[in-house]
Amino acid sequence: MTGHDAGGRLDRLEGYLREDPSNAALLRDAFETALQAGDPARAEFHLRHGQALGQDAEGWALREAHWLLAQQRWHEAREHLAGLAGEAASSAAPEWSAAIAQDLAYVDLRLGDHAAGVARLAPQMEGGTHAAGVPVEITWLRLLHHGGEIERAMKWLEQREPAGGLDPAVAGVAALLALDQGDYEKSLRWSTRSLAGDSPAPVEAAVARASLALAERRADLARPLLASALERNAGDGRTWSAIGFTELLEQNLPAAREAFVRATAAMPGHVGTWHGLGWTAIAQRDLPAASAAFDAALALDRNFAESHGGVAVVLALSGSADAGRQAAARALGLDRSCLSARYAEALLQGDGRDAASVARLAERLLGGKQAPLGGDLLRLLQRSTPSGPGPTST
């Protein structure tokens, strides 16, 4: 139901309530419809009226939390829900306790407290019943994803899917999880299912499908998906990251740089996005910015070879040969096939053109995807290093 449709329905419900002001069912319906219409003032009117009737006190207490959530008053909602949870601890209504835990977990997600949210939902979600409903399943998967528990989420999905298939909205969120785990078959299947659904798909579905399109070097397919995702959530870091890789694929370096900067600001914990920013900066011959990007990646994970390899490339390009060799050695000690370290070695030997294998570096930038940028990144790097290593003018 659109906001306009909800507004018209709310007008009709309020007309009925003028004739029957104590009708509890009408009050509940009017309250929920006001929230759908994005009208918290009218929702509060019906909320207070319902509370004053003295019936269904628990239900109206929970609806007050929903009223706060609709206004994104996260801390107030958490405090209110925590009070309800304390009351529910001695209650004999497990459904009410579960509903409070679900709302608290959603607040945890919005406030970035992922571990707390996972702990709240785990008894319900991993108890074998999976009867919590689609919105809660989405919250659960997002908490696990943002909390870095991708394997746990995928295990849950493997158990959930045979029970009747994933709801399209759940499949959309699952598609990005599968992408980050490297299961591209599931990512394609789930993102396609989600995007073909009757309701608007979650942003994750568009980002996953667009990323897979980049694996096919299909920027033309990725762009409309990402534009749609951006319309729905202009601050989503994964969307901006995928836009950055799309622009990099087409060698639009200033646009790629801007997108990666936006992405890292919204999502500073994603190593691959820092790599994208670092390689874009290298292609622009902005070595200080590239160095800062790879340092940020290393701060997140010092055991990722490609981050050390990126540092080695920057050092090689800046003429710091000894430090570059040391960084390349660290990278190769972690991964003998580290492409960026091999590229740095080629630069240090004065023959960057021999680093043809760097075309596959893009696999690491998008989590191991099949050559999403193909040879285009190689051409960017070759163009940025026309005569091998040496100091830059930046």
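Helices here are DSSP runs of at least four residues, numbered from the N terminus. The views below come from a predicted model.

**View 1. The whole chain is built from helices, with no strands.** The protein chain has 22 helices and zero strands. Of its 394 residues, 48% are buried. Consider contacts with a separation of 6 or more in sequence: residues 24 or more positions apart account for 55% of them.

**View 2. R160 sits in helix α9 and contacts E137.** Helix α9 covers residues 150-160, and R160 belongs to this helix. Is R160 buried or exposed? R160 has a relative accessible area of 16%, which is under the 20% cut-off, so R160 counts as buried. The R160 side chain makes a polar contact with the side chain of E137, at 3.0 Å.

**View 3. The largest nonpolar core holds 59 residues.** Which members touch the most others? They are W140, L141, L157 and W190. Helix α10 (residues 168-181) gives this core its largest share, nine residues. Now look at L157. Set aside its neighbours within four places in sequence, and L157 is in contact with L141, P162, L166, A174, L177 and W190. A second core, separate from the one above, has 27 residues. Among them are L10, A61, W74 and A77. In soluble globular proteins, nonpolar side chains tend to be buried together.

**View 4. Helix α14 is mostly covered.** This helix runs through residues 237-249 and has 13 residues. From first C-alpha to last, α14 reaches 18 Å. That is close to the 18 Å expected at 1.5 Å a residue. How many of the residues of α14 are buried? The count is 13 of 13.

**View 5. F245 and F260 form an aromatic pair.** A search of the whole structure finds five aromatic pairs. In this one, the ring centres of F245 and F260 are 4.9 Å apart. Their planes meet at 80°, over the 60 degrees needed, so the pair is edge-to-face. F245 lies in helix α14 and F260 in helix α15 (residues 253-266), so the pair ties together parts that are 15 residues apart in sequence. F245 is buried, with a relative accessible area of 0%. F260 is also buried, with a value of 0%.

**View 6. W279, F294 and Y343 make a ring cluster.** Ring pairs link these three residues. A pair of aromatic rings is described by the distance of the centres and the angle of the planes.

**View 7. Arginine charges sit over tryptophan rings.** The charged end of R48 is placed over the ring of W67, 5.3 Å from the ring centre. R63 lies over the face of W60. Here the distance to the ring centre is 4.5 Å.

**View 8. Q72 and Q251 each have a positive phi.** Most residues other than glycine have a negative phi. Where is Q72 found? Q72 lies in the loop between α4 (57-70) and α5 (74-88). Its phi is near 60°. Q251 comes just after α14, in the loop between α14 and α15. The phi of Q251 is near 65°. Q251 has 23% relative accessibility, between the 20% and 50% cut-offs, so Q251 counts as partly exposed.

Conventions:
Residues are numbered from 1 along each chain as its sequence is written. This is a predicted model: local features need pLDDT of at least 70, side-chain atom pairs count only at pLDDT 80 or more; totals for chains, interfaces and linings use all residues. Side-chain values use heavy atoms; hydrogens and water are left out. Helices (H or I, at least four residues) and strands (E, at least two) are DSSP runs, numbered from the N terminus. Buried means under 20% relative accessible area, exposed over 50%, partly exposed in between (1.4 Å probe, protein chains only). A polar contact is a pair of N or O atoms within 3.5 Å; within protein, one must be able to donate a hydrogen and the other to accept it, and residues adjacent in sequence count only if both atoms are side-chain atoms. A nonpolar core is a set of buried Ala, Val, Leu, Ile, Met, Phe, Trp, Tyr and Cys residues joined through side-chain atoms within 4.5 Å. Contact means heavy atoms within 4.5 Å. The expected span of a helix is 1.5 Å times one less than its number of residues. Rings of Phe, Tyr and Trp (its six-membered ring) pair if their centres lie within 6.5 Å; planes under 30 degrees apart count as stacked, over 60 as edge-to-face and the rest as tilted. A charge sits over a ring if NZ of Lys or CZ of Arg is within 6 Å of the ring centre and within 35 degrees of the ring normal.
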